[in-house]
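Reader: I am new to reading structures, and I would like to go through this one with you. Could we take it step by step?

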Protein chains: 2
Amino acid sequence: MLEKERGNAAQVALGGAGERARRQPLRQPSIKDIARLARVSHPTVSRALQNSPLVNPATAAKIRKIAEAAGYRPSAVARGLVTRRTRTVGLVVTTVADPFAGEVACGIEQAANDHGYAVFLANSNADAECERKMVQALAERRVDGIIVTSSRVGSDYLPMLAELNVPMVLVNDQYPGEFVHSVMIANENGSRAATEHLIELGHRRIAYVGDRSGYQTETERLEGYKQALAAAGIEYAAELAVHGDGRPEAAVAAMDGLLKLADPPTAVCCYNDMTAMGAMRAIRTRGLRVPEDVSVTGFDDLFFAKYLEPSLTTVRQPMRRMGQMAMENLLKLMSGEDSVAQVKVEAELVVRGSTGRAGANPGLKVETGGTRASGAGRRNG
Amino acid sequence: MLEKERGNAAQVALGGAGERARRQPLRQPSIKDIARLARVSHPTVSRALQNSPLVNPATAAKIRKIAEAAGYRPSAVARGLVTRRTRTVGLVVTTVADPFAGEVACGIEQAANDHGYAVFLANSNADAECERKMVQALAERRVDGIIVTSSRVGSDYLPMLAELNVPMVLVNDQYPGEFVHSVMIANENGSRAATEHLIELGHRRIAYVGDRSGYQTETERLEGYKQALAAAGIEYAAELAVHGDGRPEAAVAAMDGLLKLADPPTAVCCYNDMTAMGAMRAIRTRGLRVPEDVSVTGFDDLFFAKYLEPSLTTVRQPMRRMGQMAMENLLKLMSGEDSVAQVKVEAELVVRGSTGRAGANPGLKVETGGTRASGAGRRNG
DNA sequence: TTGTAGGCGTTATCAT
DNA sequence: ATGATAACGCCTACAA
């Protein structure tokens with residue numbers, strides 16, 4: 001439409017209050033512009049726009065009308081500079097493309113948005129150095145707080161925390177320790193429940209396909225598995241506890257190794273749903289069936305779990321809710337409350353079609369899985 | 001000039017220059033603080049930190065050392081205020097928990113990060129009003145650009161674009177029209193390829209399970225399906241084209257309706273992988289098998305597609321790459337280049353186990369799917 | 001090579 | 001109820 005009229009739409013619409021054209025990236029109207037148009041001082045405009053009671057209702061209305069007409073939008077950056085609070089938080093994840101991280105991010109974003117906060121997204125790609133850089137970058141952006149999800153360098157945050165002096169909340173992170181605030185799932189309980197479920201179904205030879213060893217989440221889930229075995233008087237066999245990397249590809253290989261054992265397992269407890277997905281593929285590829293030949297459990301209850309064939313018995317994490325809780329904790333921290341600390345979220349076993357009685361191998365059965373779920377531990381959502 | 005020596009961590013660490021404690025949110029050191037410590041003026045510090053050649057290497061080194069020791073971090077907000085460029089972009093998605101959006105977001109974040117930009121995440125929850133609000137909020141944050149993914153109100157952005165005067169790039173959006181910049185997948189081609197594949201396998205009675213009707217992406221994919229039918233001389237049957245909502249739950253119901261037809265389809269072309277996942281569930285629930293009884297195709301090639309049983313034949317979208325392209329286009333737009341416009345990305349058929357010859361029903365066959373993929377259209381990644 | 005003097009768009013602190 | 005005036009932390013002239 002108009003070509004050289006760099007004067008922004010607002011000013012043009014108002015009758016060309018712009019004295020001279022700007023070469024700058026098209027300045028948005030400021031309170032000073034509005035003040036000039038309304039024939040008042042900028043502070044008055046500022047007050048009017050904040051619905052301050054200190055301003056005459058009539059002038060306030062007039063100012064708001066003018067601001068509206070001018071397409072005025074307050075600058076959060078200028079406000080942030082003077083108030084020293086940007087109403088911005090940083091979210092560090094390995095990658096949002098990961099379904100778990102996506103769900104958590106969704107919960108965080110929701111809660112943040114509800115409170116007028118914006119969320120900076122930072123992917124660390126599971127690289128510690130990169131992760132550190134991202135946190136630094138967030139600090140430069142002057143975020144009011146930071147949430148780190150599924151980090152593998154959680155312990156490194158303690159010194160950072162002190163240095164950056166920015167409130168932080170960790171979600172399912174590595175060694176949150178005593179000094180930081182966190183939201184964690186009850187890994188041991190969840191994993192134990194899954195394993196107990198398999199034991200109840202008569203399984204004795206139960207394998208575990210984990211994440212890379214050494215991480216807290218992995219260690220805790222493995223521990224839950226061991227606890228359940230011990231409680232049932234089943235001896236832990238090191239050959240049955242193998243490692244993947246939390247992704248299906250590695251799980252295929254790990255599971256295949258288990259199936260090649262002289263005495264292969266009849267059930268497998270997986271670190272997470274992605275791992276379970278890979279394990280199921282490995283089982284099917286060998287011509288075996290789930291759950292008739294091998295029962296499988298996951299962890300997370302990602303959206304696809306109930307749509308796998310058979311649908312996956314898994315341990316549910318309320319991922320969105322956890323994100324929301326993390327954000328709410330962070331909000332408290334940012335407002336000065338130093339009370340909240342470590343939040344432990346209970347995990348819930350969701351029994352579906354991928355687990356069945358040990359030795360229950362009714363020959364050729366085509367309709368595996370489906371909605372065949374026992375009543376126990378059904379999801380409440 | 002300033003009599004009140006605001007104490008801060010840096011100064012304290014450097015020898016306790018802070019006279020008295022502050023109740024403020026603990027100010028970070030500024031260039032002025034560094035200047036005082038280095039006994040130079042702030043502009044000199046500013047220049048030194050920007051590696052300006054206008055500053056004496058010796059003093060520059062000294063300044064950098066002091067800044068480092070003081071834990072100085074430049075304030076992006078102050079810089080943004082003066083430069084009028086925040087090096088920040090907004091990303092609007094329905095929800096990052098959606099795998100497609102997550103992948104695109106990942107690509108965007110990557111590219112943004114590579115260029116020193118930070119990404120604001122904004123979930124619209126598929127609500128037009130909310131989406132509009134998020135864009136306004138981003139404008140107040142003074143983002144340099146905005147990317148909108150899978151919006152259903154794409155056309156509404158034209159007026160917004162003019163009003164906000166912020167460069168925008170849309171990814172797989174609704175009616176991008178002539179005036180906005182976009183990255184779109186070749187929906188018709190992709191859908192046509194999938195349908196042609198089914199036709200080549202001998203199918204004649206091919207159904208289509210779409211998204212809610214009226215959206216451009218949906219319309220185009222349906223169109224591709226129709227084109228393939230027409231080219232093969234198969235008459236389009238309205239009863240075989242049904243609607244879901246892009247999510248598995250709705251697809252289960254839609255597919256079930258198709259299976260209840262007097263003359264049910266032997267193949268179904270689905271709007272996306274989520275829909276295909278639901279369709280497969282509906283098929284199995286009825287005691288039918290994929291692909292022996294019904295062949296299924298998806299669209300997207302989400303991470304789980306190859307792990308479904310049978311693995312899903314689908315049309316691949318290079319999602320991360322598309323996000324990256326969108327960001328790169330946005331970078332150009334933000335730097336003033338007004339050249340880039342509508343980018344169309346080719347879709348690639350990936351043949352896997354969920355599609356098979358029509359009428360090829362070899363009785364009870366347990367090992368469905370797996371890695372049984374024909375050579376045609378294999379992914380190159 | 002360095003320092004001085006604005007100004008970015010707000011809010012905050014005083015006056016009036 | 002309103003208006004000057006001064007920050008906030010940085011950058012960019014321009015002056016020295």
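Reader: At what angle do helix α11 and helix α12 of chain A pack?

Author: Happy to start there! This is a predicted model, in which local features need pLDDT of at least 70, side-chain atom pairs count only at pLDDT 80 or more, and totals for chains, interfaces and linings use all residues. Residues are numbered from 1 along each chain as its sequence is written, chains are lettered from A and ligands numbered from 1 in the order in which they are written, and side-chain values use heavy atoms, with hydrogens and water left out. Helices (H or I, at least four residues) are DSSP runs numbered from the N terminus, as strands are (E, at least two), and axes are lines fitted to C-alpha atoms, for helices over the stretch in contact, with angles from 0 to 180 degrees between N-to-C directions. For α11 (residues 248–259) and α12 (residues 273–285) of chain A, the axes are 7 Å apart and the angle is about 50 degrees.

Reader: Which word describes how α11(A) and α12(A) lie to each other?

Author: Angles under 35 degrees count as roughly parallel, over 145 as roughly antiparallel, 65 to 115 as roughly perpendicular and the rest as oblique. The angle here is about 50 degrees. Therefore α11(A) and α12(A) are oblique.

Reader: Is the crossing of α11(A) and α12(A) left-handed or right-handed?

Author: A crossing is left-handed if the near helix is turned anticlockwise from the far one by less than a right angle, and right-handed if clockwise. For α11(A) and α12(A), the crossing is right-handed.

Reader: How do the residues of the contact of α11(A) with α12(A) divide?

Author: Contact means heavy atoms within 4.5 Å. Among the residues that make it are A:Pro248 and A:Met255 of α11(A), and A:Met274 and A:Ile283 of α12(A). Ala, Val, Leu, Ile, Met, Phe, Trp, Tyr, Cys and Pro count as nonpolar, Asp, Glu, Lys and Arg as charged, and the others, Gly among them, as polar. The contact divides into ten nonpolar, two polar and two charged residues.

Reader: What is the handedness of the crossing of α11(B) and α12(B)?

Author: In chain B, the axes of α11 (residues 248–259) and α12 (residues 273–285) come within 7 Å and cross at roughly 50 degrees. That makes α11(B) oblique to α12(B). The crossing is right-handed.

Reader: Which element gives the most to the surface near DNA strand C?

Author: A residue is near a strand if one of its heavy atoms lies within 4 Å of it. Of the 28 residues around DNA strand C, those that come nearest include A:Ile31 and B:Arg84. Sugar and phosphate account for 63% of the atoms of this strand that come within 4 Å of the protein. With four residues, the element that gives the most is α5(A).

Reader: How far is a polar side-chain atom of B:Arg84 from a phosphate oxygen of DNA strand C?

Author: A polar contact is a pair of N or O atoms within 3.5 Å. One such pair joins B:Arg47 to a base nitrogen of DNA strand C, at 2.8 Å. For B:Arg84 and the phosphate oxygen, the distance is 2.5 Å.

Reader: Which residue has a side-chain N or O atom 2.7 Å from a base nitrogen of DNA strand D?

Author: DNA strand D is surrounded by 27 residues, with A:Thr44 and B:Tyr72 among the closest. Sugar and phosphate make up 67% of its atoms that come within 4 Å of the protein. Backbone N or O atoms also approach phosphate oxygens of this strand, at 2.7 Å for A:Asn56 and 2.7 Å for B:Ile31. The residue whose side chain lies 2.7 Å from the base nitrogen is A:Arg47.

Terms used
Polar contact = N/O pair within 3.5 Å; in protein donor to acceptor, adjacent residues only side chain to side chain.
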